[in-house]
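Trainee: Could we look at this chain together, a few residues at a time?

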Amino acid sequence: MATYTLSPLSAPSRSLNIASSASITNGTQVNIYTTSGSNDQNWVVDSLTSTSRQYIKHFSNQAYALNAYRVGTNWNCTLYKAAGNADGSLIITKVSTGVYTIRLSKHSNRYLTAEGNTNSANVSWQAYTGAA
């Protein structure tokens with residue numbers, strides 16, 4: 001198990017971020033924001049080399065993990081309790097050195113996607129297109 005900062009290829013100076021650093025609860029929003037090294041941008045991953053299902057948990061409160069809020073076309077990425085959460089079970093696949101795709105294990109064509117490259121851009125689970 002290790003701690004990582006996760007950044008989209010389309011915005012390498014931004015990191016996956018908790019949108020509100022108040023208290024973490026089910027449904028807490030996730031976005032991207034300028035990389036600062038704050039705990040809001042640190043994520044715990046069991047293994048980058050495993051092909052097994054796993055959770056990407058928040059550093060400060062590892063009871064919560066990335067989750068798919070399945071409404072609409074692009075499913076919003078939120079935090080949700082990890083225990084027993086099928087919509088938070090993920091597969092991490094290495095593409096090249098330091099580059100990985102993150103997809104839902106239950107919905108295998110849904111990939112973690114930044115919807116822009118500016119501060120506060122939303123993060124969602126979208127159908128794979130091959131885009132950065």
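Mentor: We will go through a strand residue, the core, a hairpin and a salt bridge in turn. This is a predicted model, in which local features need pLDDT of at least 70 and side-chain atom pairs count only at pLDDT 80 or more, while totals for chains, interfaces and linings use all residues. Residues are numbered from 1 along each chain as its sequence is written, and side-chain values use heavy atoms, with hydrogens and water left out.

Trainee: Okay, where is Thr34 found?

Mentor: Thr34 belongs to strand 3, residues 30–34, where strands (E, at least two residues) are DSSP runs numbered from the N terminus.

Trainee: And which residues does Thr34 touch?

Mentor: Not counting residues up to four places away in sequence, Thr34 touches Ser13, Arg14, Gln41 and Asn119, a contact being heavy atoms within 4.5 Å. With Ser13, which is 21 residues apart from Thr34 along the chain, the C-alpha separation is 6.0 Å. With Arg14, there is a polar contact of 3.0 Å between the two side chains; a polar contact is a pair of N or O atoms within 3.5 Å, where within protein one must be able to donate a hydrogen and the other to accept it, and residues adjacent in sequence count only if both atoms are side-chain atoms.

Trainee: Why does Thr34 count as partly exposed?

Mentor: Because its relative accessible area is 34%, and buried means under 20%, exposed over 50% and partly exposed in between, using a 1.4 Å probe and protein chains only.

Trainee: Switching topic, which residues in the largest nonpolar core touch the most other members?

Mentor: Of its 23 residues, these are Trp43, Ile56, Leu66, Leu79 and Trp125. A nonpolar core is a set of buried Ala, Val, Leu, Ile, Met, Phe, Trp, Tyr and Cys residues joined through side-chain atoms within 4.5 Å. Among the elements that give two or more residues to this core are strand 2 (14–18), strand 3 and strand 11 (121–127). Leu79, leaving out residues up to four places away in sequence, has contacts that include Trp43, Tyr64 and Leu66.

Trainee: What about the hairpin, how many residues sit between strand 10 and strand 11?

Mentor: Six residues lie between them, and the two strands pair in the antiparallel sense over five bridges, where pairing requires that DSSP finds at least two bridges. One of the bridge partners is Val123 in strand 11, matched with Ala114.

Trainee: What is the phi of Ser120 in that turn?

Mentor: Ser120 has a positive phi near 75°, although it is not a glycine. Most residues other than glycine have a negative phi. Ser120 counts as partly exposed, at 46% relative accessibility.

Trainee: Last topic, how many salt bridges are there?

Mentor: The count comes to one salt bridge, taking a salt bridge as a side-chain nitrogen of Lys or Arg within 4 Å of a carboxyl oxygen of Asp or Glu. The pair is Arg70 and Asp87, with the closest N and O atoms 3.0 Å apart.

Trainee: Which parts of the chain does that pair tie together?

Mentor: Arg70 lies in the loop between strand 6 and strand 7 and Asp87 in the loop between strand 7 and strand 8, so the pair ties together parts 17 residues apart in sequence.

Trainee: Is Asp87 buried or exposed?

Mentor: Asp87 counts as buried at 14% relative accessibility, whereas Arg70 is partly exposed at 43%.

Methods
Helix = DSSP H or I, 4+ residues; strand = E, 2+ residues; numbered from the N terminus.
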